[in-house]
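Got a new structure open and not sure where to start? Let's walk through it together, one feature at a time.

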Amino acid sequence: YAAPGGIVGISIKDIQSEASFSMNGNRSFNPASVIKIPVMIEAYNQIEKGHLSLDTELTLEQHHKLPGSGSIQFLHNKSPFTVSRLIDLMITDSDNTATAMLIEKLGMYRINATMKRVGLRKTVLRDWTMLNKLPGRHNTTTPEDMLIVMEKMYHGTLISKSASDQMLTVMK
């Protein structure tokens, strides 16, 4: 469906009845801040594997500071943040700087590898700034891909039951 000024895509599913609806569900879109969900998933993946802790401290540097959503872009360089706090800021405040700090720590390659491993076909992180709009250079996802991760998270099968529960708590 093409609306004035854009194309709409949606995928929804009733978890209880399994009834679903999708319109342009497999069409790739620039996800904007929705790409923060795969970043969070990879953070919990690395925590689950013991490569990272919620208490791991990261330091804010000038190159992390991104315009747009979030307030930590205005703080002093060298400000410390735990991974837990950065995840919370990234999801609840849509903080772009928190996202940049996490992407740098986690690695875009690892985020993309995990998205493939959990069954996402068209979700790709290409631009850690989330600002690039050029075709082939921006991040992509589909409504169906995001439905897959939300459903797995709900059922406790995304990374692990514990990780799924923690991610849902952050998102609530």
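What follows is a short chat between a learner and a teacher about reading this predicted model.

Q: Let's begin with the big picture. How many helices and strands are there in the protein chain?

A: Start any new fold by counting its elements. The protein chain here has six helices and six strands. Then read them off in order: starting at the N terminus, the pattern is β-β-β-β-α-β-β-α-α-α-α-α.

Q: And the overall dimensions? What does the C-alpha trace span along its principal axes?

A: For the protein chain, that comes to about 50 × 40 × 25 Å. Another handy number is the radius of gyration, which you can hold up against a rule for globules. A compact globule of 172 residues would come out near 16 Å, and the protein chain has 16 Å, so the two agree.

Q: What share of the residues counts as buried?

A: Here you ask how much of a residue's surface is left accessible, and under 20% counts as buried. In the protein chain, 43% of the 172 residues fall in that group. You can also ask how far along the sequence contacts reach. Take contacts between residues at least 6 apart in sequence: 60% of them join residues at least 24 apart.

Q: Now two helices. At what angle do the axes of α1 and α4 cross?

A: You compare the directions of the two axes and check how close they come. Helix α1 covers residues 36-48 and helix α4 covers residues 108-117; their axes come within 9 Å and cross at roughly 90 degrees. Angles from 65 to 115 degrees count as roughly perpendicular, and that is why α1 is described as roughly perpendicular to α4.

Q: Which residues make that contact?

A: On the α1 side they are P38, V39, I41, E42, N45 and Q46, and on the α4 side R110, I111, T114, M115 and R117. Sort them by class and you get five nonpolar, three polar and three charged residues.

Q: I keep hearing about salt bridges. How many does the count come to?

A: Look for a side-chain nitrogen of Lys or Arg within 4 Å of a carboxyl oxygen of Asp or Glu. By that rule there are five salt bridges. One of them pairs K13 with E151, with the closest N and O atoms 2.9 Å apart. This one links distant parts of the chain: K13 sits in strand β3 (residues 10-13) and E151 in helix α5 (residues 143-155), 138 residues apart. K13 counts as partly exposed, since its relative accessibility is 27%.

Q: Where do K78 and E61 lie?

A: The loop between β5 (57-59) and β6 (80-82) holds both K78 and E61, so their pair ties together parts 17 residues apart in sequence. Their side chains meet in a salt bridge, at 3.1 Å from N to O. K78 is exposed, at 57% relative accessible area, while E61 is partly exposed, at 22%.

Q: How many residues apart are D165 and K161 in helix α6?

A: They are four residues apart, about one turn of the helix, and α6 covers residues 161-171. The D165 and K161 side chains meet in a salt bridge, 3.0 Å from N to O. D165 is partly exposed, with a relative accessible area of 32%. Salt bridges can also share partners: K13, E18 and E151 are joined into one network that way.

Q: Let's try a single residue. Is H76 buried or exposed?

A: Over 50% counts as exposed, and H76 has 68% relative accessibility, so it counts as exposed. H76 lies in the loop between β5 and β6. Leaving aside neighbours within four places in sequence, H76 is in contact with L60 and K65. As for W128, it is 52 residues from H76 along the chain, and their C-alpha atoms are separated by 21 Å.

Q: Last one: backbone angles. Which sign does phi of S94 have, positive or negative?

A: Check the sign of phi, then check whether the residue is a glycine. S94 is a residue other than glycine, and its phi is positive, near 55 degrees. You'll find S94 in the loop between α2 (83-92) and α3 (96-106), and it counts as buried at 18% relative accessibility. I159 is not a glycine either, and has a positive phi of about 70 degrees. I159 is placed in the loop between α5 and α6 and counts as partly exposed at 22% relative accessibility.

How values were computed:
Residues are numbered from 1 along each chain as its sequence is written. This is a predicted model: local features need pLDDT of at least 70, side-chain atom pairs count only at pLDDT 80 or more; totals for chains, interfaces and linings use all residues. Side-chain values use heavy atoms; hydrogens and water are left out. Axes are lines fitted to C-alpha atoms, for helices over the stretch in contact, and angles run from 0 to 180 degrees between N-to-C directions. Angles under 35 degrees count as roughly parallel, over 145 as roughly antiparallel, 65 to 115 as roughly perpendicular and the rest as oblique. Contact means heavy atoms within 4.5 Å. Ala, Val, Leu, Ile, Met, Phe, Trp, Tyr, Cys and Pro count as nonpolar, Asp, Glu, Lys and Arg as charged, and the others, Gly among them, as polar. Buried means under 20% relative accessible area, exposed over 50%, partly exposed in between (1.4 Å probe, protein chains only). The radius of gyration is taken over C-alpha atoms; the globule rule is 2.2 Å times the number of residues to the power 0.38.
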